[in-house]
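Thanks for coming. I will go through one sheet of strands today, so please look at the sequence and the structure on the screen.

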Amino acid sequence: MAFFGPPVIVGLSLLAANPDWSVLGLVLGTFTLIATLSLLITAAPNGWLIVGGVIVGIAALSGPGPVLQAEVMAHQGQRVEVRVTSVKTYQGKHGPEYSCHLGRVDGKPLKHAELGNDSCDGPMEVGQTEDVLVDPHGWTAPEPAETDYSGIDIAAWALPVVLVLFELLVWLSRRVGLRRFEGR
(Lines give C-alpha, C1' and ligand atoms only; values in the text may rest on other atoms or scores of the structure.)
Protein backbone atom coordinates (compact mmCIF):
# COMPACT_ATOMS: atom_id res chain seq x y z
CA MET A 1 0.00 0.00 0.00
CA ALA A 2 2.88 2.38 0.76
CA PHE A 3 4.04 2.20 -2.88
CA PHE A 4 0.89 4.11 -3.89
CA GLY A 5 1.53 6.85 -1.32
CA PRO A 6 4.20 8.91 -3.13
CA PRO A 7 2.35 9.28 -6.46
CA VAL A 8 -0.88 10.11 -4.64
CA ILE A 9 0.94 12.73 -2.54
CA VAL A 10 2.42 14.33 -5.67
CA GLY A 11 -0.97 14.25 -7.39
CA LEU A 12 -2.68 15.92 -4.44
CA SER A 13 0.06 18.55 -4.34
CA LEU A 14 -0.61 19.27 -8.02
CA LEU A 15 -4.31 19.57 -7.22
CA ALA A 16 -3.43 22.08 -4.49
CA ALA A 17 -1.91 24.35 -7.17
CA ASN A 18 -5.47 25.42 -8.03
CA PRO A 19 -6.74 27.94 -5.45
CA ASP A 20 -10.21 26.37 -5.64
CA TRP A 21 -8.86 22.99 -4.52
CA SER A 22 -5.79 23.99 -2.49
CA VAL A 23 -7.18 23.25 0.98
CA LEU A 24 -8.58 19.86 -0.04
CA GLY A 25 -5.36 18.92 -1.85
CA LEU A 26 -3.13 19.89 1.08
CA VAL A 27 -5.32 18.23 3.72
CA LEU A 28 -5.66 14.96 1.80
CA GLY A 29 -1.97 15.10 0.86
CA THR A 30 -1.00 15.52 4.51
CA PHE A 31 -3.17 12.57 5.56
CA THR A 32 -1.69 10.46 2.75
CA LEU A 33 1.82 11.45 3.84
CA ILE A 34 1.04 10.48 7.45
CA ALA A 35 -0.42 7.13 6.32
CA THR A 36 2.58 6.41 4.08
CA LEU A 37 5.05 7.29 6.83
CA SER A 38 3.09 5.12 9.27
CA LEU A 39 3.42 2.20 6.86
CA LEU A 40 7.16 2.89 6.53
CA ILE A 41 7.54 2.88 10.30
CA THR A 42 5.51 -0.31 10.59
CA ALA A 43 7.57 -2.07 7.92
CA ALA A 44 10.95 -1.02 9.29
CA PRO A 45 11.32 1.12 12.40
CA ASN A 46 14.72 2.37 11.28
CA GLY A 47 15.74 5.94 12.12
CA TRP A 48 17.40 6.94 8.85
CA LEU A 49 14.51 5.55 6.78
CA ILE A 50 12.00 7.48 8.87
CA VAL A 51 13.96 10.74 8.71
CA GLY A 52 14.51 10.30 4.97
CA GLY A 53 10.83 9.54 4.48
CA VAL A 54 9.79 12.66 6.37
CA ILE A 55 12.17 14.90 4.41
CA VAL A 56 11.35 13.47 0.99
CA GLY A 57 7.64 13.28 1.88
CA ILE A 58 7.49 16.95 2.79
CA ALA A 59 9.32 17.77 -0.46
CA ALA A 60 6.80 15.64 -2.38
CA LEU A 61 3.90 17.47 -0.73
CA SER A 62 5.21 21.02 -0.90
CA GLY A 63 7.14 21.08 -4.20
CA PRO A 64 4.93 20.00 -7.12
CA GLY A 65 2.13 22.57 -6.64
CA PRO A 66 4.30 25.70 -6.82
CA VAL A 67 6.34 24.19 -9.66
CA LEU A 68 3.15 23.54 -11.64
CA GLN A 69 1.97 27.10 -11.01
CA ALA A 70 5.29 28.50 -12.20
CA GLU A 71 5.38 26.23 -15.27
CA VAL A 72 1.87 27.27 -16.26
CA MET A 73 2.68 30.96 -15.89
CA ALA A 74 6.06 30.68 -17.61
CA HIS A 75 4.68 28.90 -20.66
CA GLN A 76 1.12 30.17 -21.09
CA GLY A 77 0.70 33.13 -18.74
CA GLN A 78 -0.75 36.20 -20.42
CA ARG A 79 0.06 39.75 -19.36
CA VAL A 80 -3.15 41.56 -18.35
CA GLU A 81 -3.74 45.00 -16.90
CA VAL A 82 -5.79 44.88 -13.70
CA ARG A 83 -7.06 47.37 -11.15
CA VAL A 84 -6.92 46.79 -7.40
CA THR A 85 -10.58 46.94 -6.36
CA SER A 86 -10.24 46.27 -2.63
CA VAL A 87 -7.73 45.24 -0.01
CA LYS A 88 -8.36 42.94 2.95
CA THR A 89 -6.18 43.48 5.99
CA TYR A 90 -5.65 40.82 8.61
CA GLN A 91 -3.20 40.37 11.44
CA GLY A 92 -0.31 38.04 10.66
CA LYS A 93 2.50 36.74 12.83
CA HIS A 94 4.77 39.70 12.14
CA GLY A 95 2.27 42.50 11.67
CA PRO A 96 -0.52 43.29 9.23
CA GLU A 97 -0.83 41.24 6.05
CA TYR A 98 -2.80 42.20 2.97
CA SER A 99 -4.77 40.50 0.24
CA CYS A 100 -5.61 42.53 -2.87
CA HIS A 101 -8.71 41.81 -4.93
CA LEU A 102 -8.33 42.55 -8.63
CA GLY A 103 -10.56 43.37 -11.56
CA ARG A 104 -9.49 43.42 -15.19
CA VAL A 105 -9.38 46.89 -16.73
CA ASP A 106 -10.98 45.57 -19.93
CA GLY A 107 -14.00 44.28 -17.95
CA LYS A 108 -13.52 40.56 -18.67
CA PRO A 109 -13.96 38.23 -15.68
CA LEU A 110 -10.88 37.12 -13.78
CA LYS A 111 -11.12 33.53 -12.48
CA HIS A 112 -8.94 33.98 -9.38
CA ALA A 113 -8.98 37.66 -8.56
CA GLU A 114 -6.70 37.81 -5.54
CA LEU A 115 -3.04 38.60 -4.93
CA GLY A 116 -1.50 37.50 -1.65
CA ASN A 117 0.70 39.37 0.82
CA ASP A 118 3.87 38.85 -1.22
CA SER A 119 2.48 40.94 -4.08
CA CYS A 120 0.07 43.30 -2.32
CA ASP A 121 1.55 46.23 -0.39
CA GLY A 122 -1.60 47.37 1.33
CA PRO A 123 -4.34 49.97 1.29
CA MET A 124 -2.43 52.61 -0.65
CA GLU A 125 -2.89 50.49 -3.78
CA VAL A 126 -6.70 50.60 -4.05
CA GLY A 127 -7.64 51.91 -7.49
CA GLN A 128 -4.10 51.51 -8.81
CA THR A 129 -3.51 49.57 -12.05
CA GLU A 130 -0.86 46.88 -12.42
CA ASP A 131 0.23 44.29 -14.95
CA VAL A 132 -0.14 40.68 -13.83
CA LEU A 133 0.25 37.30 -15.49
CA VAL A 134 -2.95 35.27 -15.64
CA ASP A 135 -3.55 31.71 -16.70
CA PRO A 136 -6.01 31.80 -19.64
CA HIS A 137 -7.57 28.54 -18.42
CA GLY A 138 -7.96 29.76 -14.83
CA TRP A 139 -6.00 26.95 -13.18
CA THR A 140 -3.68 29.15 -11.12
CA ALA A 141 -3.96 32.50 -9.38
CA PRO A 142 -2.50 35.67 -10.95
CA GLU A 143 1.16 36.47 -10.40
CA PRO A 144 2.98 39.80 -10.70
CA ALA A 145 4.20 40.39 -14.26
CA GLU A 146 7.80 40.86 -13.12
CA THR A 147 8.02 37.36 -11.54
CA ASP A 148 11.21 35.57 -12.58
CA TYR A 149 10.71 32.01 -13.84
CA SER A 150 14.29 31.45 -15.03
CA GLY A 151 15.06 28.36 -12.91
CA ILE A 152 11.73 26.62 -13.27
CA ASP A 153 12.91 23.99 -15.74
CA ILE A 154 15.50 22.74 -13.25
CA ALA A 155 12.85 22.62 -10.52
CA ALA A 156 10.54 20.66 -12.82
CA TRP A 157 13.25 18.02 -13.22
CA ALA A 158 13.54 17.74 -9.44
CA LEU A 159 9.97 16.46 -9.12
CA PRO A 160 10.58 13.02 -10.67
CA VAL A 161 13.77 12.74 -8.61
CA VAL A 162 11.80 13.35 -5.40
CA LEU A 163 9.19 10.79 -6.46
CA VAL A 164 11.83 8.17 -7.26
CA LEU A 165 13.65 8.83 -3.95
CA PHE A 166 10.41 8.46 -2.02
CA GLU A 167 9.60 5.19 -3.80
CA LEU A 168 13.16 4.01 -3.12
CA LEU A 169 12.69 4.69 0.60
CA VAL A 170 9.44 2.72 0.55
CA TRP A 171 11.20 -0.17 -1.18
CA LEU A 172 14.14 -0.04 1.26
CA SER A 173 11.84 -0.03 4.28
CA ARG A 174 10.07 -3.08 2.90
CA ARG A 175 13.39 -4.80 2.29
CA VAL A 176 14.76 -3.96 5.76
CA GLY A 177 11.47 -5.05 7.32
CA LEU A 178 11.57 -8.39 5.54
CA ARG A 179 15.16 -8.99 6.65
CA ARG A 180 14.25 -8.16 10.22
CA PHE A 181 11.26 -10.50 10.08
CA GLU A 182 13.30 -13.36 8.53
CA GLY A 183 16.05 -12.88 11.13
CA ARG A 184 13.77 -13.87 14.01
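First, a term: two strands pair if DSSP finds at least two bridges between them. Strands themselves are DSSP runs of E with at least two residues, numbered from the N terminus. What you see is a predicted model, in which local features need pLDDT of at least 70, side-chain atom pairs count only at pLDDT 80 or more, and totals for chains, interfaces and linings use all residues. Residues are numbered from 1 along each chain as its sequence is written, and side-chain values use heavy atoms, with hydrogens and water left out.

Start with β1, residues 78–92. Its antiparallel pairing with β2 runs over 10 bridges, and a hairpin of two residues makes the connection from β1 to β2. Within this pair, R83 is opposite G103 of β2, and S86 has H101 of β2 as its bridge partner.

β1 also pairs with β4, residues 129–134, through six bridges, again antiparallel. There, V82 is bridged to E130 in β4.

Now β2, residues 95–104. How many of its 10 residues are buried? Seven are, so the strand is mostly covered; buried means under 20% relative accessible area, exposed over 50%, and partly exposed in between, with a 1.4 Å probe and protein chains only.

β2 pairs with β3 as well, residues 114–115, antiparallel and over two bridges. C100 has L115 in β3 as its bridge partner.

Note on methods. Helix = DSSP H or I, 4+ residues; strand = E, 2+ residues; numbered from the N terminus.
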